[in-house]
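Here are a few notes to help you find your way around this one. Keep the viewer open while you read.

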Amino acid sequence: MLSPHLAKKIVSDVRRLIHEDLIIVDTHGIIIASTNPTRVGQFHEGAFLVCQEKQKRIITKEDEGKLKGVKAGINLPVFFHGDVIGVIGITGDPANVSPYGELLKKMTELLIQENYYTEQLQLEARALETFVFDWLQAREWSPSLHERAQLFHIDLACSRRVIIASLNETKQTISVDMWKYVQIVWSDARDVIVRWGNDRLLILQTDDDKERTIAKLKTMQRSLLDKYDVTLHIGCGKMGDSKQVYHSYKQAERALHISKQTGDIVFDEDLRLDMCLEDISPATKQELIKRTIEPLIHDEELLHTLRTLFANDLSLKRTAEALHIHINTLHYRLKKIQDYTKLNVRHLEHIITLYLAIRFLDETTKKIMCKRFIFICLYIAGFPAFLYAYSTNKGKKVDDMITEQVKRQFIQIVGAENYDDSKAGRLVYSYDATPNFQSLPDAVIAPRNTKEVSEIVKICNNERIPIVPRGSGTNLCAGTCPTEGGIVIIFKHMNRILEIDEENLTVTVQPGVITLDLIQAVEAKGLFYPPDPSSMKISTIGGNINENSGGLRGLKYGVTRDYVMGLEVVLANGDIIRTGGKLAKDVAGYDLTRLFVGSEGTLGIITEATLKLIPMPETKQTMLALYEDLEAAARSVSAIIANKIIPTTLEFLDQPTLQVVESFVNIGLPTDVKAVLLIEQDGPKEVVERDMEAMARICREQHAISVQVAQTEEEANNLRTARRSALSALARLKPTTILEDATVPRSQIANMVKAINDIAKKYNVNICTFGHAGDGNLHPTCPTDVRDKDELHRVEQAFEDIFAKAIELGGTITGEHGVGVMKAPYLEWKLGKEGIAAMQAIKRALDPNNIMNPGKVFAKSTRKRVVITR
Ligand SMILES: Cc1cc2nc3c(=O)[nH]c(=O)nc-3n(C[C@H](O)[C@H](O)[C@H](O)COP(=O)(O)OP(=O)(O)OC[C@H]3O[C@@H](n4cnc5c(N)ncnc54)[C@H](O)[C@@H]3O)c2cc1C
């Protein structure tokens, strides 16, 4: 009744009227809304007592020391239907706030009441829609349907006509306001009128006077046109038995179809030819087109001639005039038509055949165009969920994504132990490593092999159920947050290293293999798999491939993409394909392997991968360069590369990051310097020594105050671990950690670091920076608190400026963390409209029903950061 959501709304509504601090407390004494967000969740002993005593309480200054969580002011019980349902508290001098306390209490009670009635009305409307839906489906009336009819005071004894009114404008929907207005205009209490999907109205009318009905419908059409600028197409079925309205519904649909072509209000009983034609199957129509006008199909001039002839009631003179051609030309064209089709326009049966063929042809073309148009509109609009559910989930409750029958099918494939739709199970997979994103899936499924994945996908494709493939959920772009519900597929059973092929230097794995397990397994054989994201202890190969992840060794060895040689992929229609393989050279066909790398689960599900290995480098050295000047460190990065040295690792940490990391790992990192560079080189001993010496010299030239080489592998390993812990360490500072991934050309790293500092100052936010400096890939990170709306707003603005700066310096919005939901609004900055369109074309071709990780990569809104709940 008094949900936190409603409480927050009340607090913000009331706050507009007064300036004192307000709280709303539930009956357990817990503050559920407050103008001061830090109080939310705290126990308020004063309010608790008010609930017990059911009367107001003045809280004095002295009470602040005696009662838990209180502040001086006044606490008043909020009543609903005679029960206390919460407490409203106003902070301030009791003498000042008491006078209007009662007024606020009354206002709160009224708001709660209004909210309650609105909810009731919505629920009733939904219940009536569901009832009408069942009514239209029912061939026989069950007792429960009778009871429901009585409940809605629906008279089943009278005859009814079904009327369907549909908005003309494809993108327009019936708003709440419009709906209320329609109910006023159509004011016959005996009729049942409901909203039918987003853009239709359904009326089950009792009045059998056709003239009156037409007049009423015309008034409705006119009123909506005047007030909302929308046109209604209207189809009416025949009057009939209330218990067999499905006949009338079918007729109304048929009439509506014609109304959409003619623009008139159409009654099914008036249809003649159209009535017969509706019953001809699409296959028969196609066959007729094929047998008659197929030879003309690409000759638009001849088709147009025929259409004009029919539109002019077969008059040759008027047809020639309409076409602006000489009558002889018309004769010539008709002769040509006869030659092609063997049908003579002077022959009655032939002319009827031609007429029908043209009509069917136009119908088909129109349908295709219409479907394409709707698809494009929906694609752009992002599938309004209600319409989507109505059009695709036939016979299902609108928000029932997975019906009992579909659930049974899933369980049959994977077994009950691998299907989880419990609340707890779904909660676990409702978020990933990205802050502020959470959304419940409808179920979590753990397939055991590729075949099972394929069978699951086929069902999802038929039922239009979204699929979110998920590794370990460590991505930082909300890529595995099931923002549109559906199923999450996890790979806990598909986590085997299938083969290490020492002759071809490849490893073949299932997607659920943990990155570090793979690295260690190949290293045991003297081989090397370089991609090493900092999250490698938990991230999976499936996730790495789909994010095209990089790591500390990326500068010299590249990113995941550079090691993926072949894939097994389950496509959105359930087909299983293999791309690439172990071959060092292979140019047969498009490079589909690369297409799937970095596709973030939006194009298919990777069920197996063959990865490239290289020999283990002979030796490795690690050093730390310390700086008093942040930009000097950044300049060293550019200078090292400019001197044609490519170290394995060239990582940057600024002072705030260093301090937090040191307090986290405790290995004696210097915390009094402004920045450090962690530098590593591997390879033959003499090359490593030569490069390390040269890099140490360059760092000193760029004013490093000290350069220290790790003396033991343990020391080196500590330094690497410290760098890898940067994010985890920063995450301890504040409740919310926002980490970004802006990347610039290496030569611009100094400019970017400077810009980040300037931007942080401009917006008065704390930004710590670390990252793969050698790749130009920085992770400006802001420890913040999502509840501090003001600061969060400034953080958003700061990061927007950082992205803009990265692009301005020739960089990109994400170097390795992917696009997901978070970066989607920025993608156009990098790719341009045309680039996005090209990507959308690929997506549509491979996943026409948009079931693969929908809502990711392609922006639905331009809002840059959102908290999503479902
Ligand atoms: C502390 C920390 C440090 C990090 N450091 C780095 C770093 O150094 N470098 C870096 O690049 N990233 C880093 N990341 C980001 C993240 O770890 C990587 O993106 C990683 O590759 C994700 O792997 P995952 O198994 O967790 O995948 P998930 O997060 O589960 O999934 C990632 C994407 O892959 C898709 N996906 C997963 N499996 C499949 C499959 N089998 N088929 C199709 N699609 C699939 C998902 O739908 C999603 O879009 C870090 C993250 C954290 C939390």
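1. One thing to know up front: this is a predicted model. With that in mind, try the domain layout: the C-alpha centres of domain 3 and domain 5 sit 70 Å apart.

2. Where do those domains fall along the chain? Domain 1 covers 4–119, domain 2 covers 138–271 and domain 3 covers 282–381. After those come domain 4 at 401–613 and domain 5 at 619–808.

3. Now have a look at the open sheet, built from 5 strands in the order β2-β1-β5-β4-β3 with antiparallel pairing. Its edges are β2 (31–34) and β3 (57–59), each of which pairs on one side only. From one strand to the next, the twist averages 25 degrees.

4. Zoom in on one pair from that sheet: β1 (residues 22–25) runs antiparallel to β2, and 3 bridges join the two. Which residue of β2 is the bridge partner of isoleucine 24? That would be alanine 33.

5. What packs on the sheet? Helix α4 (residues 94–137) does, touching β1, β3, β4 (73–80) and β5 (83–91). The direction of helix α4 makes about 25 degrees with that of β4.

6. Further along, there is an annotation to check. The unreviewed UniProt entry places the feature "domain: FAD-binding PCMH-type" at residues 437–616. In the model, the chain over residues 437–616 is 22% helix and 26% strand, and the C-alpha atoms at the two ends of that stretch are 40 Å apart.

Note on methods
Residues are numbered from 1 along each chain as its sequence is written. This is a predicted model: local features need pLDDT of at least 70, side-chain atom pairs count only at pLDDT 80 or more; totals for chains, interfaces and linings use all residues. Side-chain values use heavy atoms; hydrogens and water are left out. Domain bounds come from an automatic or database domain assignment. Two strands pair if DSSP finds at least two bridges between them. Helices (H or I, at least four residues) and strands (E, at least two) are DSSP runs, numbered from the N terminus. Axes are lines fitted to C-alpha atoms, for helices over the stretch in contact, and angles run from 0 to 180 degrees between N-to-C directions. Contact means heavy atoms within 4.5 Å. UniProt positions are given in the numbering used here, feature names are shortened, and annotations may be inferred rather than shown by experiment.
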